[in-house]
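I opened the model to look up two things. One was a contact between chains, the other a stretch of surface.

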Amino acid sequence: MYTQGLDAAGREPAPPDAASDAEREARFQARVDAEEKIEPKDWMPEAYRRTLIRQISQHAHSEIVGMLPEGNWITRAPSLLRKTILMAKVQDEGGHGAYLYAAAETLGVSREELVDQLLDGRAKYSSIFNYPTLTWADIGAIGWLVDGAAIMNQIPLCRCSYGPYARAMVRICKEESFHQRQGFEIMLKLARGATAQKNMAQDALNRWWWPSLMMFGPSDVDSKHSAQSMRWKIKRFSNDELRQKFVDFTAPQAEFLGLAVPDPELAWDESTQHYRFGSIDWREFEDVLKGHGPCNRERLEARRKAHEDGRWVREAAVAHAAKRAATARVAA
Amino acid sequence: MSATATASAAPDAAVAAARVRYVLRLADASLVLAQRLGEWIGHAPALEEDLGLANTALDLMGQARLLLGYAGELEGQGRDEDALAFLREEHEFLNPTLVEQPNGDFAHTIVRQFLFDAWQHELYTGLTSSSDERLAAIAAKALKETRYHLSYSSGWVVRLGDGTEESHARMQGALDALWPYTSELVETDELDRKMIAAGVAPPMEPMAAAWSARIDAVLRDATLARPAAAIYRWSGKQGRHSEHLGYLLADMQHLARTYPGATW
Amino acid sequence: MEHEGERTDGWALYEIFIRARAGLDHKHVGSVHATDARMALEHARDVYTRRQEGISIWVVRSADILASDPADADALFEPARDKVYRHPTFYDIPDEVKTL
């Protein structure tokens with residue numbers, strides 16, 4: 001019996017004296033309802049395992065692809081401190097991908113298989129990373145808005161039912177809050193800087209606001225997986241709830257910056273104690289998801305190139321290890 | 001820490017100016033190499049290597065910032081780390097030509113890194129005994145980082161040198177291409193001699209010998225052949241660079257030069 | 001038939017354990033891929049200790065870790081439940097006896 005699920009794939013069903021699947025599902029659901037954590041070798045419905053693999057790997061892919069739009073500005077960061085911070089942030093994103101792939105692998109799938117799914121277009125990743133970073137202000141906007149939206153999603157996941165995923169999320173959330181702060185700090189400097197800088201910041205906000213709202217996904221009425229994921233405590237709040245919370249938190253921040261959110265319908269509603277906001281153009285979201293966003297092709301090509309260009313390196317490392325192991329065996 | 005605590009006893013203007021240039025050599029080496037490594041983040045052969053290269057880049061950035069800050073203080077003209085990094089021109093950068101070479105493939109990057117790490121290890125070890133207390137302190141801190149970088153890069157040199165036929169060929173090709181840039185590291189020029197005489201810089205011969213011995217040991221383990229000495233002498237540390245530095249600086253300095261005086 | 005979980009392309013999975021401070025145990029924090037132990041240590045250091053999370057790292061190939069089977073949990077762990085006499089609270093000592 002090994003810690004990773006790799007040995008369990010394709011196994012025969014449990015021994016004859018075990019309960020029926022319906023009973024095991026009921027017991028499983030009771031554990032989830034009682035906020036008990038499910039760990040890698042625990043019995044789980046196959047659909048739960050599949051959903052988790054999909055959700056966790058999608059999250060991991062998003063972190064990896066997310067390194068690209070910000071990595072784009074590392075060489076051009078306007079001060080040594082900003083360059084250093086951006087390097088650390090993008091490094092963190094790679095780290096987040098590593099934690100998440102590790103969590104996914106506890107469910108009996110290999111990272112190589114997941115990466116193949118990303119590179120041949122079978123797997124999805126967050127739509128937001130298919131937009132271009134056109135100015136330095138975009139780096140501020142991404143930290144402030146995109147990481148801000150990610151945090152909304154991720155904090156509830158720290159309490160999700162699957163142990164390895166929850167623990168990875170705790171680690172990620174600790175790191176993510178610096179990401180958002182560095183973004184906001186960039187925007188603050190720009191907003192209080194020269195006119196050209198303030199214009200740069202406003203322009204970035206204009207381009208990143210709506211895609212950030214789309215990050216939360218369609219209204220749950222239209223979302224396929226929501227209800228079951230809620231029952232299994234893989235998802236704790238609805239897309240709309242999280243999106244509303246994001247707008248409520250962020251609108252005052254934009255006001256503080258002295259920047260205008262590009263939504264004429266954005267207004268505080270005294271009766272609901274929430275911000276009203278305009279309708280999202282879901283056609284853009286669907287187009288981007290289908291691969292027709294501004295940078296879908298470039299992002300995947302960059303990841304494919306990195307993977308292909310690195311193949312000889314990975315193979316050499318394996319060959320070297322085999323050679324040294326053989327030498328050690330002979331010497332022993 | 002005040003600049004006066006680190007100046008030599010007799011305020012010799014020529015030696016003071018030389019000290020600034022010497023510190024800039026160290027600073028620019030770390031800065032330019034960090035800039036090159038920054039290009040890799042998100043494109044490395046494996047996810048863990050993205051993090052490893054980023055780690056080296058971050059350490060080098062830290063060194064560059066400390067050293068540039070010190071150089072600016074010594075110079076006494078009000079230039080801070082950003083003024084020095086973003087507003088100097090190519091001929092004012094004093095990094096060795098090795099570090100500005102393009103990344104190429106992973107073999108090129110790792111060979112460049114290993115040759116530099118092995119050098120920086122000797123240099124920083126020597127600098128911990130510098131008569132310049134500030135430099136000694138910076139070197140002592142940086143040495144811990146360099147030890148890790150050297151372990152990382154030499155590990156990869158061995159894996160890739162003694163890996164597959166393809167990896168071996170790429171590594172030997174990279175080594176042959178980059179070797180000519182190493183003579184600049186181990187040769188003394190007038191600035192080096194001034195700094196050695198002042199006790200600021202460590203003597204060159206022991207460092208060069210130790211560097212050479214380590215290179216030999218690792219290359220042997222990697223089944224790679226040490227190239228013959230090159231005839232052309234590069235002189236990036238005197239401000240005469242290869243064509244690559246211009247493009248690197250154009251990219252790096254663009255925003256600062258487009259918005260003079262702006263803070264970010 | 002190849003199962004999803006079998007492919008590793010030669011980069012084996014290693015489980016990572018970190019001792020946060022002197023006096024604490026090594027704790028499992030996650031996994032990395034590597035082709036040898038030295039690489040696994042470097043990867044673990046770069047992935048899991050960027051914020052001074054530890055002073056010591058253990059790496060173990062995942063394939064070398066043997067774990068108890070959750071199906072055996074009852075047989076392994078239930079029997080300890082009723083051996084309450086292993087706990088000090090089981091014993092009724094008069095208040096006058098101070099040092100027990």
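My working cut-offs for exposure: buried means under 20% relative accessible area, exposed means over 50%, and partly exposed lies in between. The model is predicted.

**Entry: V97(C)**

I looked up V97(C) first. Its relative accessible area is 41%, so I log V97(C) as partly exposed. I placed V97(C) in the segment after helix 2 (73-77) of chain C.

I then asked which residues make the nonpolar surface patch with V97(C). I found V84(C), Y85(C), F90(C), Y91(C), I93(C) and L100(C). With V97(C), they make a patch of about 720 Å².

**Entry: chain B against chain C**

Next I turned to the interface. I count 13 residues of chain B in contact with 13 residues of chain C. The two chains bury about 1100 Å² between them. Carbon and sulfur atoms hold 49% of that area. Which three residues supply the most of what chain B buries against chain C? They are E48(B), Y148(B) and R159(B), with 52%.

**Entry: polar links**

I searched the interface of chain B and chain C for salt bridges and got one. R159(B) pairs with D36(C) through their side chains, at 2.9 Å from N to O. For polar contacts between chain B and chain C, I get eight residue pairs, both residues at pLDDT 80 or more.

I also checked which helices line the chain B side. Helix 2 (47-75) and helix 5 (133-161) of chain B each supply at least two residues there. Helix 5 of chain B gives the most to the side that touches chain C, with seven residues.

Methods
Residues numbered from 1 in each chain as written. Chains lettered and ligands numbered in written order. Predicted model: local features only at pLDDT ≥ 70, side-chain atom pairs only at ≥ 80, totals over all residues. Heavy atoms only, no water. Patch = residues over 30% accessible without salt bridge, like charges linked within 9 Å, V, L, I, M, F, W, Y side chains within 5 Å. Areas by Shrake-Rupley, 256 points an atom, 1.4 Å probe, with all protein chains shown as cover. Salt bridge = Lys/Arg side-chain N within 4 Å of Asp/Glu carboxyl O. Helix = DSSP H or I, 4+ residues; strand = E, 2+ residues; numbered from the N terminus. Buried < 20%, exposed > 50% of the residue type's maximum accessible area, 1.4 Å probe, protein only. Contact = heavy atoms within 4.5 Å. Buried area = accessible area lost by both parts, 1.4 Å probe. Polar contact = N/O pair within 3.5 Å; in protein donor to acceptor, adjacent residues only side chain to side chain.
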